[in-house]
Amino acid sequence: MAQAAGWVVLKFGGTSVSQRGRWDTIGRIAAKRAQEEQCRVLVVVSALSGVTNELQAIANGDDVGGRVHALVQRHEGFCRELGLDPASVLGERLGALQGLASDPRAASRPLDWQAEVLAQGELLSSTLGAHYLHASGLDFGWCDARDWLQAVALPNQSAWAGRLAVNCNREAAPGFVERFAAQPARMLLTQGFIARHEDGGTAVLGRGGSDTSAACLGALLGARRVEIWTDVPGMFSANPREVPDARLLARLDYAEAQEIATTGAKVLHPRSIGPCRHAGVPMAILDTARPDLPGTRIDSSAATVPGVKAISRRDGVVLVSMESIGMWQQVGFLADIFERFRRHGLSVDLIGSSETNVTISLDPSENLVTTNVLEALAADLGEICRVKVIVPCAAITLVGRGMRSLLHRLSDIWAAFGRERVHLISQSSNDLNLTFVIDEADADGLLPLLHAELIRGGAMPVLDASVFGPSWKEITFGPVQRPQPWWVGRRERLLEMAGAGTPRYVYDLATVRERARGLLASDAVDRCFFAIKANPHPAILHAVTTEGFGLECVSRGELDHVFGVLPELSPQRVLFTPSFAPRGEYEHAFDRGVAVTIDNLEALQRWPELFRGRTVWLRLDLGRGEGHHEKVKTGGAAAKFGLPLAKFDAFLALARSLDVRISGLHAHLGSGIDDPLHWREVYANLAGLADAVGTVETIDIGGGLGVPYTPDAQHFDLVAWRNGLDEIKAAYPRYGLVIEPGRYLVAESGVLLLSATQVVEKDGIVRVGANAGMNALMRPAVYEAWHGIHNLSRLDDADTAAFDVVGPICETGDVLGRNRLLPTATAEGDILLVADAGAYGMVMANTYNLRALPAEDIIE
Ligand code: LLP
């Protein structure tokens with residue numbers, strides 16, 4: 001036998017040991033580790049699933065005979081399924097189980113007897129497994145975990161905890177590793193959950209004990225790694241059952257993992273991290289059904305990337321709010337109240353305090369809160385303050401390094417919580433944890449929303465591949481399938497164009513036409529207008545109008561441009577939707593004969609003669625905004641756009657008195673909206689209002705359709721969008737339905753070509769400079785927008801090194817992308833391509849620092 005140096009510890013839970021096929025997997029994984037890493041392997045197993053619960057019932061004295069009989073049957077049956085002889089393999093062990101039932105101690109059920117009963121599950125499963133793996137030809141032996149794990153008594157520990165929820169020794173006795181290694185088989189199988197009591201009897205580690213056993217053994221052996229094999233692919237940025245977009249956490253440091261495990265994630269027992277952290281043994285969480293997935297790695301060298309790594313929710317939290325007038329500067333008040341919590345055996349989790357109020361939370365999983373305890377506590381506290389118990393609450397926790405420096409990125413999160421009643425906010429001083437306590441009922445549906453906001457606002461850096469892996473959805477249903485972008489096949493042509501000078505925008509008209517046709521294919525939509533503010537390039541205006549689109553303008557400049565480029569265009573195919581425009585622009589628009597939209601009452605009041613007898617469209621603020629960033633949400637009190645519904649009646653009355661006819665209702669609530677059903681809602685809202693006006697013919701539901709900028713984003717769900725509109729149009733068929741998207745038609749058609757100027761390393765960050773930055777493309781600087789960045793000159797090289805891609809402008813915000821993977825050889829003179837830059841790119845470019853505007857080219 002090869003006495004290879006070093007151990008890898010593998011732990012498998014109940015579901016992984018209850019089927020024959022799963023044992024084959026265990027054998028395969030263990031043998032692979034031993035072979036590939038030239039190491040020895042210790043496998044730690046739980047009891048077959050459900051067995052510990054049965055043993056607990058037996059330990060409670062509940063139908064002991066019947067339960068023991070059923071357990072004997074189950075294990076004998078499984079033994080036969082494994083092709084083993086029950087009598088010779090399990091006879092002795094099952095005899096021991098039956099012996100415990102007839103033991104005289106069974107009558108009084110002392111703790112030592114209970115511990116022995118509970119230990120039988122692991123002893124049985126490990127015995128079965130070791131025989132099976134050995135019979136399969138693997139060099140597997142069995143050992144009794146109690147010979148190696150020692151329960152240690154803690155001060156103030158109850159007798160119950162000192163036997164049934166023990167802690168284990170952390171320091172190995174001299175010679176421990178040598179003695180352990182002297183066991184002959186190369187691979188060993190042992191039990192989780194059980195340890196030796198100092199009286200020589202059996203003790204157990206309590207719930208989650210098997211993870212902790214594996215961690216303790218790994219720590220004592222100074223193992224290369226402890227692997228926790230489960231039925232999920234690792235730790236996630238949120239519970240995937242609630243948040244399918246939750247991302248796999250590829251790498252965490254011990255402190256983060258500890259915090260995530262403690263605040264909600266169930267995959268790893270929080271107690272198991274301490275021993276490995278103490279001994280510096282790396283941990284991994286892996287998926288038994290998909291052993292090739294990378295899982296979650298936990299170690300001390302994990303890059304300390306600041307950002308929220310996970311969001312979790314704990315239900316059943318009890319809040320106790322204590323109000324006292326006499327508290328201000330009263331020495332010992334807190335000591336008095338905490339003394340009472342101690343007296344009732346309740347441990348306090350979160351604390352918030354003000355001059356007259358202290359509010360604390362109790363975590364039910366730790367405190368075994370019963371109504372009686374709370375009543376008694378409240379009565380007790382009532383002697384020194386006014387008490388209010390608030391139940392049930394939910395604690396929502398954001399976990400990640402550097403929470404303090406992230407607060408400015410959490411504005412959307414504060415806004416989301418602003419709609420709920422937050423009882424308590426707590427920020428831990430280790431800078432890892434920010435917790436909000438709200439009513440449990442309010443927490444439903446909140447997590448997916450918060451998770452999305454964290455990503456959108458940049459607080460959760462999911463594009464950093466050193467920390468975040470694929471989403472649960474992607475792992476389960478396969479990676480997002482997106483066709484190759486057009487520019488990959490046009491590389492030579494683009495490099496040639498770049499030769500004529502950079503910065504340079506290039507637009508692919510075929511992509512514009514394709515997007516336009518996708519929208520025109522909707523039966524429910526009667527007319528489509530292209531919002532030219534996204535990209536007014538003449539070739540694009542020609543292309544979209546040829547496809548059948550009209551054009552939407554917001555300024556006199558845009559109107560003049562449109563009719564300059566397309567002199568034959570009928571004014572009926574043009575909308576004018578200005579914001580705070582000067583009076584003269586409305587006059588000009590009326591003169592041109594285009595449809596004019598007004599969005600406030602004051603315009604009618606101040607310029608009655610301008611509007612008298614005219615036909616107009618009315619833009620409404622439906623009270624809410626949507627979009628990829630706070631700055632592009634155009635509804636709600638914070639936005640300057642639209643007539644609020646509160647003024648709707650006054651507007652109608654004034655319009656009537658001025659003989660102004662309202663033939664259209666309009667709402668555009670924001671830009672970059674991914675929810676395909678948003679527009680259906682808008683139509684429903686406007687149609688309901690249109691009935692009240694009486695003269696409305698057209699309903700304009702705005703633009704704002706999103707595009708997938710990031711690699712993991714899904715393409716806008718056009719089918720769901722169309723279906724939603726079909727349905728709502730069928731409900732209100734009498735209005736013409738108008739849309740006015742900009743971005744959707746042009747974003748993906750455009751790339752920005754730049755030349756690399758310098759590659760510079762500073763304080764560990766490598767930056768590649770481009771000859772234009774926020775002057776050519778403002779979106780990253782203004783909205784923290786993400787654009788793919790590629791080295792077009794080295795497109796065939798692997799992207800192996802991380803760069804910050806910056807521009808030449810004298811502002812710290814002049815960054816096009818952070819931590820982007822590009823070929824290591826990226827150097828001066830390379831052509832960089834910024835993807836999806838066709839919308840709000842060139843049109844927002846400027847000459848700041850007196851740098852020239854980019855050139856523009858078209859690919860027909
Ligand atoms: N209709 C109105 C009244 C608008 O204000 C806008 C855009 C649109 C339609 C077209 O929205 P789209 O389909 O393109 O999302 N510069 C920002 C976007 C600002 C959008 C302004 N209004 C960005 O780069 O994300």
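Two strands are taken to pair if DSSP finds at least two bridges between them. In this predicted model, strand S12 (residues 283–287) and strand S13 (residues 296–298) run antiparallel and are joined by three bridges; within this pairing, Ala 284 has Arg 297 of S13 as its bridge partner.

The two strands belong to an open sheet of eight strands with mixed pairing, whose order is S3-S6-S2-S1-S9-S12-S13-S11. The edges are occupied by strand S3 (140–142) and strand S11 (251–252), each of which has a single partner strand, so that one side of each is left without a neighbour in the sheet. Helix H1 (residues 20–37) packs on this sheet, where it touches strand S1 (7–12), strand S2 (40–45), S3, strand S6 (187–191), strand S9 (225–230) and S12. The direction of H1 makes about 165° with that of S1.

A further helix, H8 (residues 209–221), comprises 13 residues, which at 1.5 Å a residue should span 18 Å, and this agrees with the 18 Å that separate its end C-alpha atoms. With buried meaning under 20% relative accessible area, 13 of the 13 residues of H8 are buried, so the helix is largely enclosed by the rest of the structure. Just after H8, Gly 222 adopts a positive phi of about 60°.

At the level of the whole chain, the assignment gives domain 1 (2–230), domain 2 (308–460), domain 3 (510–740) and domain 4 (748–859). The centres of domain 1 and domain 3, taken over C-alpha atoms, are separated by 68 Å.

Notes: Residues are numbered from 1 along each chain as its sequence is written. This is a predicted model: local features need pLDDT of at least 70, side-chain atom pairs count only at pLDDT 80 or more; totals for chains, interfaces and linings use all residues. Side-chain values use heavy atoms; hydrogens and water are left out. Helices (H or I, at least four residues) and strands (E, at least two) are DSSP runs, numbered from the N terminus. The expected span of a helix is 1.5 Å times one less than its number of residues. Buried means under 20% relative accessible area, exposed over 50%, partly exposed in between (1.4 Å probe, protein chains only). Contact means heavy atoms within 4.5 Å. Axes are lines fitted to C-alpha atoms, for helices over the stretch in contact, and angles run from 0 to 180 degrees between N-to-C directions. Domain bounds come from an automatic or database domain assignment.
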